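Hi there,

Here is the structure I promised to pass on. Have a look first, and my notes on the strands and sheets follow below.

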Amino acid sequence: MSFTATARRRSAALLLGAALVTLSATACTSGASVSTTPKQTAAAPAADGAKPADQGAAKAPAAAKVGDTIALKGMEKSNTADVTAVKVVDNAESGDEYLKPADGKRWVAVQFQIKATGTKAYSDAPLGAAKVVDAQGQSYGPSFTDTTAGPSFQTPTNIAPGETGKGFITFEVPKDAKLDKIQFGLDAGFADQTGQWKIG
């Protein structure tokens, strides 16, 4: 492994650790919730003014899946974002020829899109904000790994109000784990609200 790659990973780990310590000191767990409701897009009008057959029928909203956007709130009212789990790359390949998953493990890279919708910039450590959950309920945190799936988020990531940023977060999971859900929260995952997307 090159010295530069090692130094970069060490710096990222230190920055993330500092962010987690700072946020844990102010985190409030009361009222915590998991949002699985995707943002609704405006429905297209029916042709010739006809009403859709199910108009007026009460329908439970479908749970968010990969590709959907969830509106999330941070610990401050000014900190909100629309977060999309864009895609999942299973068995992602290393971006460094000297690195590979541990024996019996594989890398799964998830691309997120974050649009800062609040009055203040999104300035956060996305690596600490995400996890994947398997069908047995076991959760897995992020790995400081770059893959060929695409560029990772930088730590910290800064997105101006109204603007959008994208990046991958990689997870090291057992080879036989069947991943079921993706989770993401603002404020490095310490916000009371967590977004959840169904995989597959």
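Which residue stands opposite Gly185 in strand 12? The partner is Thr194. Before the rest, a word on the source: this is a predicted model, where local features need pLDDT of at least 70, side-chain atom pairs count only at pLDDT 80 or more, and totals for chains, interfaces and linings use all residues. Residues are numbered from 1 along each chain as its sequence is written, and side-chain values use heavy atoms, with hydrogens and water left out.

Two terms come up throughout. Strands are DSSP runs of E, at least two residues long, numbered from the N terminus. Two of them pair if DSSP finds at least two bridges between them.

Gly185 and Thr194 belong to a pairing in which strand 11 (residues 179-185) and strand 12 (residues 193-198) run antiparallel, joined by five bridges. These strands sit in an open sheet of five strands with mixed pairing, in the order 1-12-11-6-7. Its edge strands, strand 1 (33-35) and strand 7 (139-140), each pair on one side only.

There is also an open sheet of five strands with antiparallel pairing, ordered 2-3-4-10-8. Strand 2 (69-73) and strand 8 (142-143) stand at its edges with a single partner strand each, so one side of each has no neighbour in the sheet. A hairpin of six residues links strand 2 to strand 3, and the two pair antiparallel over five bridges. Ala71 stands opposite Asp82 there, while Lys73 has Thr80 as its bridge partner. Strand 3 (residues 80-90) is in turn joined to strand 4 (residues 105-116) by nine antiparallel bridges, with Val83 opposite Ile114.

Best wishes

Methods: Helices (H or I, at least four residues) and strands (E, at least two) are DSSP runs, numbered from the N terminus.
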